[in-house]
Amino acid sequence: MTTDPLVVFTPSGKRGHFPVGTPVLTAARQLGVDLDSVCGGRGICSKCQITPSYGEFPKHGVTVSEDALSEWNAVEQRYDDKRGLKTGRRLGCQATVQGDIVIDVPPESQVHRQVVRKAATARAITMDPATRLYFVVVEEPDMHSPTGDLERLERALREQWHIDAVTADLSLMSKLQPVLRKGKWEATVAVHKGHKESVARIVEIWPGLHESGLYGLAIDLGSTTIAAHLTDLETGEVKASSGLMNPQIRFGEDLMSRVSYSMMNPGGDQEMTKAVREAINDLSTSIADEAGIDADLIVETVFVCNPVMHHLLLGLDPVELGQAPFALATSESMSLPAREMDLTKMNPRAQVYILPCIAGHVGADCAAVALSEEPGKSEDLVLIVDVGTNAEILLGNTSRVLACSSPTGPAFEGAQISSGQRAAPGAIERIEIDPVTKEPRFRIIGSEKWSDEDGFDQDVATTGITGICGSGIIEAVAEMRIAGLLDESGLIGSAEQTGTTRCVPEGRTHAYLIHDASAEGGPRITVTQGDIRAIQLAKSALYAGARLLMDVMEVDKVDRVVLAGAFGAHISTKHAMVLGMIPDAPLDKVSSAGNAAGTGARIALCNITARSEIERVVREITKVETAIEPKFQDHFVAANAIPHKTDPFPELSQVVTLPSPTFNSGGGADEKSGRRRRRRS
């Protein structure tokens with residue numbers, strides 16, 4: 001057994017043992033980790049920046065000591081002096097492995113940077129924002145009427161706009177007099193008044209008529225991805241959408257891993273809070289640059305997030321969320337200045353609103369989905385599934401709404417998958433497998449062509465074929481089941497059993513080969529038995545959560561299924577049903593809502609009445625706790641089969657015929673595994 005140090009890279013989850021003294025960049029390249037470098041490891045380009053993490057990592061089974069990497073060297077110091085390195089960053093070409101280490105590769109150091117999959121969904125929103133622009137003409141000072149400039153500005157707002165009471169921070173006061181005089185006593189002010197506030201607040205002032213707009217950010221803070229929508233507060237138009245990986249992933253891929261990190265590492269919660277706030281600051285800057293606006297014009301931000309992310313965003317220790325009774329520090333909505341959260345890359349007087357949480361494991365993101373999709377106003381019974389690292393599930397109609405969360409893990413995001421990667425150019429996102437030949441065809445992000453179409457090679461010449469993302473692995477597993485490469489239990493058959501040499505031995509199991517460019521120095525992309533198990537665990541948790549809500553509602557069927565989140569927008573309903581991710585339903589009754597949590601955040605950003613509405617609605621939603629319900633485990637075990645051990649899925653059987661549940665013991669492929677019958681709509 002090797003005694004070489006273990007190196008774990010996040011967010012990819014790739015790991016390996018390397019001799020002491022191995023440069024981090026070398027380890028990354030040997031493992032196929034997406035770490036950039038254009039200078040040949042000479043410490044010039046700085047593209048190989050990495051962030052080492054220290055402390056206890058139960059998820060990875062390692063304890064990382066402070067001397068796990070070599071000491072800071074002269075090359076790093078020289079670069080830091082000239083250009084600056086973020087605190088905690090190292091150069092992967094200079095830092096060498098000295099002991100077990102967990103290393104995060106930040107988005108800007110990755111060759112294949114993320115494509116925002118949580119794009120904004122077009123939605124008609126009644127504009128009634130908390131922050132508005134007002135043009136005023138202010139009375140000039142008069143020695144015979146000794147009032148201050150602020151008091152005369154207040155009077156102008158009262159007389160011209162019927163705003164009775166306002167206040168202003170000292171930082172606003174410091175610019176008030178120069179602005180009024182520059183504008184010759186005409187000015188535009190941005191005034192914020194929350195739905196619970198009696199006094200309005202002046203957050204910004206400009207000389208004369210301000211015509212450069214006013215903006216807010218709607219941020220969906222997920223366990224794996226942070227997605228932001230820059231929104232015009234006058235029109236509701238989304239000016240830009242952007243996103244990045246949540247840097248907390250280096251502390252743990254799932255929520256409970258991060259809670260454990262906080263428990264086992266004193267100050268660990270503050271580390272994670274600092275990391276996510278820095279990421280939001282970076283995101284604010286980049287999205288403003290993308291839209292071509294001054295970041296100071298961002299005067300308001302609305303957040304939706306799960307309870308653990310909620311606490312870590314606010315700087316609250318999430319330890320109580322890791323144990324029954326899963327108590328939140330607060331479940332109420334919150335309104336506070338952005339500067340209290342160290343959000344400095346927007347207007348210095350910007351305000352933050354965070355939607356209320358529903359319960360200990362059902363957060364503000366689920367509340368945002370409820371605001372967007374309104375299950376409580378549905379005449380038919382609707383199941384809404386917001387799929388992510390932690391799935392949020394709603395079931396309801398006009399009579400009652402239930403909610404739960406389900407720990408699906410990061411597999412749907414492409415993490416912890418052998419050839420998995422984020423949704424970036426070069427990643428396989430769609431796949432089909434011929435039921436007779438067992439040959440695959442696929443599409444990658446960045447090209448509209450399938451791999452067997454003319455011009456595909458030219459299309460992918462720039463990005464290459466680099467791995468497989470979440471939607472790709474979902475479709476791959478479902479297609480393998482349809483084509484008879486995979487039995488009901490999730491076992492990949494041998495070449496003899498399946499009739500294709502693409503099923504290759506891998507240790508004591510088999511893997512299915514999708515793409516092999518190893519001869520040219522490229523990747524060998526396979527679906528392994530371990531990948532199948534990861535997807536089985538994720539989809540079983542999802543199905544069990546939905547089924548548990550149906551038990552509480554005392555129903556066996558739902559009328560409609562709505563898939564939300566990044567997954568919901570990029571996977572076919574048929575493949576979701578083949579896997580058994582969701583209960584059986586007519587495929588024409590399964591739809592996508594896109595990023596419903598992000599849409600809910602935009603609604604709350606643009607309409608303060610909606611804030612009052614969702615605060616009322618969450619008090620009427622019944623929370624079901626999966627962690628203490630015995631039936632959850634029963635449903636979970638039965639759902640490990642593909643699509644399900646006991647549910648016959650009659651609606652699905654009208655669309656696709658699945659091969660025999662198990663492989664023949666005789667070694668040949670089952671006669672049904674070589675053909676597929678579908679009803680095409």
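The points below go through one sheet, one helix and several salt bridges of a predicted model.

1. The sheet considered here is open and has 4 strands, which follow the order β8-β10-β11-β9 with mixed pairing. Strands β8 (131–137) and β9 (166–168) stand at its edges, and because each of them has a single partner strand, one side of each is left without a neighbour in the sheet. From one strand to the next, the twist averages 40°.

2. Strands of a sheet pair through backbone hydrogen bonds, and the pairing can be either parallel or antiparallel. In this sheet, β8 and β10 pair in the antiparallel sense over 7 bridges, and V136 can be located opposite A187 in β10. Strands β10 and β11 also run antiparallel, joined by 6 bridges, and here H192 has R201 in β11 as its bridge partner. The pairing between β9 and strand β11 (residues 200–207), by contrast, is parallel and extends over 3 bridges, with A168 standing opposite I202 in β11.

3. Two helices pack on this sheet, and they may be described in turn. Helix α3 (residues 149–161) touches β8, β9, β10 (186–192) and β11, and its direction makes about 105° with that of β8. Helix α4 (residues 170–182) touches β9, β10 and β11, and its direction makes about 35° with that of β11.

4. How much of strand β10 is buried? The count is 6 of its 7 residues, so β10 is largely enclosed by the rest of the structure.

5. Helix α12 (residues 529–553) can be checked for its length, since at 1.5 Å a residue its 25 residues should span 36 Å, and the end C-alpha atoms are indeed 36 Å apart, which agrees. Of these 25 residues, 20 are buried, so α12 is largely enclosed by the rest of the structure. The helix is followed by E554, whose phi is positive, near 65°.

6. The count of salt bridges in the model comes to 30. One of them joins the side chains of E615 and K196, with an N to O distance of 3.6 Å. This pair links distant parts of the chain, given that E615 lies in helix α16 (residues 608–618) and K196 in the loop between β10 and β11, 419 residues apart. Are the two partners buried or exposed? E615 has a relative accessibility of 9% and therefore counts as buried, the limit being under 20%, whereas K196, at 56%, counts as exposed because the value is over 50%.

7. A further salt bridge is formed by the side chains of R560 and D380, at 3.1 Å from N to O. Here too the pair links distant parts of the chain, with R560 in strand β27 (residues 560–564) and D380 in the loop between α8 (364–373) and β18 (382–386), 180 residues apart. R560 counts as partly exposed at 27% relative accessibility, and D380 is likewise partly exposed, with a relative accessible area of 26%.

8. The side chains of D516 and R524 also meet in a salt bridge, with 2.9 Å from N to O. D516 counts as partly exposed at 36% relative accessibility, and R524 counts as partly exposed at 41%. Elsewhere, D149, R152 and R181 are joined into one network by salt bridges that share partners.

Key. Residues are numbered from 1 along each chain as its sequence is written. This is a predicted model: local features need pLDDT of at least 70, side-chain atom pairs count only at pLDDT 80 or more; totals for chains, interfaces and linings use all residues. Side-chain values use heavy atoms; hydrogens and water are left out. Two strands pair if DSSP finds at least two bridges between them. Axes are lines fitted to C-alpha atoms, for helices over the stretch in contact, and angles run from 0 to 180 degrees between N-to-C directions. Contact means heavy atoms within 4.5 Å. A salt bridge is a side-chain nitrogen of Lys or Arg within 4 Å of a carboxyl oxygen of Asp or Glu. Buried means under 20% relative accessible area, exposed over 50%, partly exposed in between (1.4 Å probe, protein chains only). The expected span of a helix is 1.5 Å times one less than its number of residues.
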